[in-house]
Structure formats: structure tokens, C-alpha cells
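Q: I would like a close look at one part of this model, followed by its surroundings. Please keep the account plain.

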Amino acid sequence: MIIGITSLKGGVGKSTITQNLAVCFAHLSYKVVVVDTDTNQNTLSWFGARDKDLPNINVVRVAESEALTKSIENLHQDYDIVLIDGTPSLSKMATRIILASDILLIPIRPGAQDFRTMGEFFKRYEDAKEFRDNIPAYFVLNEYSEHKKVHEGISKQIESSFEVPVLKSKINSRVAYTEASVTGQGVFEYSDPKAKSEMVNLIKEVLEMAKELNLME
Ligand SMILES: Nc1ncnc2c1ncn2[C@@H]1O[C@H](COP(=O)(O)OP(=O)(O)O)[C@@H](O)[C@H]1O
Ligand SMILES: [Mg+2]
């Protein structure tokens with residue numbers, strides 16, 4: 001299964017969500033590889049910091065949008081799960097990621113700034129649909145707080161504006177995400193039970209979707 005974590009906005013949590021999903025999949029004994037497409041190589045550095053005694057994850061860097069499709073096809077032969085950590089800067093790459101993915105996860109923070117940049121992303125998504133009609137996509141709300149009434153409203157607005165569902169599992173703002181990342185870990189391996197639990201919910205929801213879409217047994 002190939003999961004693209006993408007959007008045209010930086011700092012929304014693409015790499016954080018990618019790394020944390022990779023860790024959860026590895027703990028579930030899936031063979032997992034992350035393709036880092038971003039010039040800042042955030043996930044490659046994360047991988048460099050990861051203790052080799054932790055469950056194994058591979059990370060490869062693909063800088064060329066032309067090479068992405070082939071690399072993904074090759075990696076898909078050898079791994080159960082291919083995660084693509086998206087880049088906000090290369091628009092061609094964004095289209096390739098959209099076309100290469102079985103499922104797209106689109107991280108978004110509940111604020112006006114992220115909302116505004118979505119129009120541009122969805123232009124690409126609609127263009128990509130001319131080549132492949134069914135590209136399942138889901139928003140993942142990041143830095144969300146159920147205590148803020150305004151966040152709930154924005155979540156509904158996002159869903160109705162773009163006709164893409166928002167996943168039930170939402171990610172709160174927690175220092176554990178940054179702290180775990182520094183040592184090449186995911187929150188599943190870290191000492192914040194709330195962060196761990198929301199990541200477990202996310203992975204369960206992704207696996208349920210994958211089953212419904214016949215992407216996994
Ligand atoms: N849920 C969260 N809680 C706290 N910090 C977060 C959360 N998600 C992301 N961050 C932090 O925000 C910054 C940007 O996140 P990152 O995943 O690198 O975004 P992107 O890959 O979309 O550019 C990082 O420093 C990361 O640690
Ligand atoms: Mg990133």
C-alpha cells in the first residue's frame with residue numbers, strides 16, 4: 001500500500017505524521033519504507049537519529065519528480081507499506097505524489113492560512129483525476145483541540161468546502177511530537193500516553209480504510 005502525505009503548505013505536519021505512521025506500521029511488523037521528497041530532508045535526518053535497535057524503518061530520498069514514479073514502483077515490490085513524505089515546493093512532485101498514492105492524507109491545521117492554500121492543492125488533485133479517476137483522499141486535522149469550539153466549526157467547513165472527508169482521528173498540539181522526532185522516534189515509542197493513543201487511533205482508522213479499499217487483507 002502506498003500512502004502519500006501531502007499538501008502544498010509547509011509546516012502543517014506532513015513529516016511528523018509520516019514519521020509517526022512509519023513507526024506504528026513498523027511496530028505492527030509491516031515492512032515499511034518512507035520516501036522523503038522534501039529538499040529539507042527532515043525525515044532523512046530523523047532516520048539518521050533513529051536508534052538501530054528500534055523496529056526497522058527504511059528512508060530513501062527521491063529529489064526528482066520524474067524518478068518518483070519508478071522508485072515507488074520498485075519499492076512497492078519489496079515493502080508492505082510505502083509512505084511518501086511530501087514537499088510544498090515542487091509542484092510537479094505534488095502531482096506525481098497524488099498519482100502514485102493508493103491513499104492521500106492531507107494534513108491541515110484548523111486556521112485560515114492552511115485553509116486558503118488548499119485551493120491550489122485541489123486544483124492539482126482535480127487535474128490528476130483526469131489521469132486516474134479514483135484517488136481516495138482524507139484530511140488529517142493536526143494541532144487540533146477539541147476544547148476549542150472554533151476548531152470544530154473549521155473542521156466542518158473544511159469538509160464541506162473541498163468534498164474530502166476529515167478523518168475522525170485528530171492530532172493535538174503536543175511537545176511529544178517534536179521531542180520524539182529529535183531522537184528519531186515516534187510518539188508510539190515516547191512517554192506521552194495521550195499522543196500515543198491518538199496515533200494508535202489514526203493508524204487503526206487508516207488500516208480500516210485500507211481494508212475497505214481492498215488495499216490490504
Ligand atoms: N501535533 C503537533 N504538535 C506539536 N508540534 C507539532 C505537531 N505537528 C507538527 N509539529 C511541529 O511543527 C513543525 C513542522 O512540522 P512538520 O511535520 O515538519 O511539517 P511539514 O513536514 O508539513 O513541513 C515541526 O517542528 C514539528 O515538530
Ligand atoms: Mg516536511
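Is E163 buried or exposed, and what is the relative accessible area of E163?

A: The model is predicted, and what follows should be read on that footing. E163 is exposed: the relative accessible area of E163 is 74%, and the cut-off for the exposed class is over 50%. The residue sits in the loop between α6 and α7 (175–182). Its backbone also deserves a remark, as phi of E163 is near 55°, a positive value in a residue other than glycine. N214 can be set beside it: phi of N214 is near 60°, again positive and again in a non-glycine residue. N214 belongs to the segment after α8 (193–212) and is exposed, with a relative accessible area of 69%.

Next comes the helix before the loop. Helix α6 covers residues 149–162, and its axis comes within 12 Å of the axis of α5 (residues 112–128), the two crossing at roughly 25°. An angle under 35 degrees counts as roughly parallel, and α5 and α6 are therefore roughly parallel to each other. Their crossing is right-handed. On the α5 side the contact is made by F115, M118, G119 and F122, and on the α6 side by Q157, I158, S161 and F162. Sorted by class, this contact contains 5 nonpolar residues and 3 polar ones, with no charged residues.

Helix α5 also has a part in covering another helix. In α4 (residues 91–100), the buried residues include M93, A94, I97, I98 and A100. The elements covering the buried residues of α4 include α5 and α3 (65–78), together with the strands β1 (2–5), β4 (81–85) and β5 (103–108).

Those strands lead to the sheet. The sheet is open and has 6 strands, in the order β3-β2-β4-β1-β5-β6, with parallel pairing. Because β3 (58–61) and β6 (137–141) stand at the edges with a single partner strand each, one side of each has no neighbour in the sheet. From one strand to the next, the twist averages 25°.

At the β6 edge, the pairing with β5 is parallel and runs over 5 bridges. One position to look at is L105, which stands opposite Y138 in β6. Although β6 is an edge strand, it is mostly covered, with 5 of its 5 residues buried. A137, F139 and L141 point one way from β6, while Y138 and V140 point the other way.

At the β3 edge, strand β2 (residues 32–36) runs parallel to β3 and is joined to it by 4 bridges. Here V35 stands opposite V60 in β3.

Strand β1 stands between β4 and β5 in the sheet order. With β4 it pairs in the parallel sense over 4 bridges, and with β5 it is joined by 3 bridges, also parallel. G4 can be followed on both sides: it stands opposite I84 in β4, and in β5 its bridge partner is L104. From β1, I2 and G4 point one way and I3 and I5 the other, and all are buried. That is the opposite class to E163, which is exposed.

Technical notes:
Residues are numbered from 1 along each chain as its sequence is written. Chains are lettered from A and ligands numbered from 1 in the order in which they are written. This is a predicted model: local features need pLDDT of at least 70, side-chain atom pairs count only at pLDDT 80 or more; totals for chains, interfaces and linings use all residues. Side-chain values use heavy atoms; hydrogens and water are left out. Axes are lines fitted to C-alpha atoms, for helices over the stretch in contact, and angles run from 0 to 180 degrees between N-to-C directions. Angles under 35 degrees count as roughly parallel, over 145 as roughly antiparallel, 65 to 115 as roughly perpendicular and the rest as oblique. A crossing is left-handed if the near helix is turned anticlockwise from the far one by less than a right angle, and right-handed if clockwise. Contact means heavy atoms within 4.5 Å. Ala, Val, Leu, Ile, Met, Phe, Trp, Tyr, Cys and Pro count as nonpolar, Asp, Glu, Lys and Arg as charged, and the others, Gly among them, as polar. Two strands pair if DSSP finds at least two bridges between them. Buried means under 20% relative accessible area, exposed over 50%, partly exposed in between (1.4 Å probe, protein chains only).
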